[in-house]
Amino acid sequence: VAVVGMFTPGTPNDRGEPRVVNTLLVTGRDRAGNDVAEHYDKINLFDAFGFRESDTVQPGDRRVVVDIGGVRIGLTTCYDIRFPELYRDLACDGAHAIVCSASWQNGPGKAEQWDLLVRARALDSTSWLVAAGQADPALSGIEAKRGAPTGIGHSAVISPRGEVVASLGAGPGLLLHDLDVSGLDEVRQEIPVLGRNDDRTG
């Protein structure tokens, strides 16, 4: 099963200008041979640091948790990582692990923020966090286009206790890690931050 980021057609903005949707597509077959097909449209748009993603991107309106062979995976994209309530809600929706696919713009302190945020969201949700960051194109000899997000890399797998259990650097790489979700209930009993399901937002 693969999770792939892409842009899909959206509806025009209030000025009649075309927009796209920042979409994560989940597709393939699990180990039991079951077809998996789902998608998530990014909810929280990057209207920050002087940039307005909402001018050209239509926001999504639903949380998504997909079942892959009995393991439930929540889906998030990039700027979503700054919204802890989304991660908590996904855990309350049954997610064992949450994927964050990101093109994290470089800048002062941004790498440190990425590291802090991915670990915090794992702790907020007491879930595995799989953070896939677009590599820095300069390290592959690719000249970045002006105004386009370039990524800083630093993909990582974070445990429900906030521990970095596997990670990459800024450049391209392949990171393989088996997630063991068998102890998740124990972690959530020890750190009962999720509270009651009816306390959820959204």
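## A buried serine

S159 is buried, and its relative accessible area is 4%. Buried here means under 20% relative accessible area, so S159 falls inside that class because its value is 4%. The model described in this report is predicted.

Where along the chain does S159 lie? S159 sits in the loop between β10 (156-158) and β11 (164-167). Leaving out residues up to four places away in sequence, S159 touches A122, S127, W128 and V165. Of these, V165 falls within the residue range of β11, and A122 falls within that of helix α2 (residues 110-125).

## The three-stranded sheet

Three strands make an open sheet, in the order β1-β2-β3, with antiparallel pairing. Its edge strands are β1 and β3, each of which pairs on one side only. From one strand to the next, the twist averages 25°.

How many bridges join β1 to β2? Strand β1 (residues 2-9) and strand β2 (residues 20-29) are antiparallel and are joined by eight bridges. Two places along this pairing can be located by residue: G5 has L24 of β2 as its bridge partner, and T8 stands opposite V21 in β2.

On the other side, β2 is joined to strand β3 (residues 35-41) by seven bridges, and these two strands also run antiparallel. Here T27 has A37 of β3 as its bridge partner, while G28 stands opposite V36 in β3. The hairpin of β2 and β3 has five residues between the strands, and within that hairpin G33 takes a positive phi near 90°.

## The six-stranded sheet

A further open sheet is formed by six strands in the order β6-β7-β8-β9-β10-β11, and its pairing is mixed. The edge strands of this sheet are β6 (65-68) and β11, and each pairs on one side only. The twist averages 20° from one strand to the next.

At the β6 edge, β6 pairs with strand β7 (residues 71-77) in the antiparallel sense, over four bridges. Within that pairing, the bridge partner of V66 is I73 in β7.

## Two helices across the sheet

Which strands does each helix lie across? Helix α1 lies across β6, β7, β8 and β9 (128-133), and runs at about 160° to β7. Helix α2 lies across β8, β9, β10 and β11, and runs at about 155° to β9. Angles over 145 degrees count as roughly antiparallel, so α1 is roughly antiparallel to β7 and α2 is roughly antiparallel to β9.

The two helices also pack against each other. Two packed helices are described by the angle between their axes and the distance between the axes. For α1 (residues 84-92) and α2 (residues 110-125), the angle is about 40° and the axes are 8 Å apart. That angle makes α1 oblique to α2. The crossing of α1 and α2 is right-handed. On the α1 side, the contact is made by P84, Y87, R88 and A91, and on the α2 side by R121, D124 and S125.

Is α1 mostly covered or mostly uncovered? Helix α1 is mostly covered, with seven of its nine residues buried. Those buried residues are L86, Y87, R88, D89, L90, A91 and C92. After α1 comes G94, which has a positive phi near 110°.

## The nonpolar core

In soluble globular proteins, nonpolar side chains tend to be buried together. In this model the largest nonpolar core has 33 residues, and those that touch the most other members are L75, I81, Y87, W104, W114, V118 and L129. Strand β8 (residues 97-102) gives the most to this core, with five residues.

Y87 therefore appears in two settings: it is one of the core residues that touch the most other members, and one of the α1 residues in the contact with α2. What is V118 in contact with, leaving aside its neighbours within four places in sequence? V118 is in contact with I81, L129, A131 and I158. Among these partners, I81 and L129 are also listed with V118 as residues that touch the most other members of the core.

How values were computed:
Residues are numbered from 1 along each chain as its sequence is written. This is a predicted model: local features need pLDDT of at least 70, side-chain atom pairs count only at pLDDT 80 or more; totals for chains, interfaces and linings use all residues. Side-chain values use heavy atoms; hydrogens and water are left out. Two strands pair if DSSP finds at least two bridges between them. A nonpolar core is a set of buried Ala, Val, Leu, Ile, Met, Phe, Trp, Tyr and Cys residues joined through side-chain atoms within 4.5 Å. Buried means under 20% relative accessible area, exposed over 50%, partly exposed in between (1.4 Å probe, protein chains only). Contact means heavy atoms within 4.5 Å. Axes are lines fitted to C-alpha atoms, for helices over the stretch in contact, and angles run from 0 to 180 degrees between N-to-C directions. Angles under 35 degrees count as roughly parallel, over 145 as roughly antiparallel, 65 to 115 as roughly perpendicular and the rest as oblique. A crossing is left-handed if the near helix is turned anticlockwise from the far one by less than a right angle, and right-handed if clockwise.
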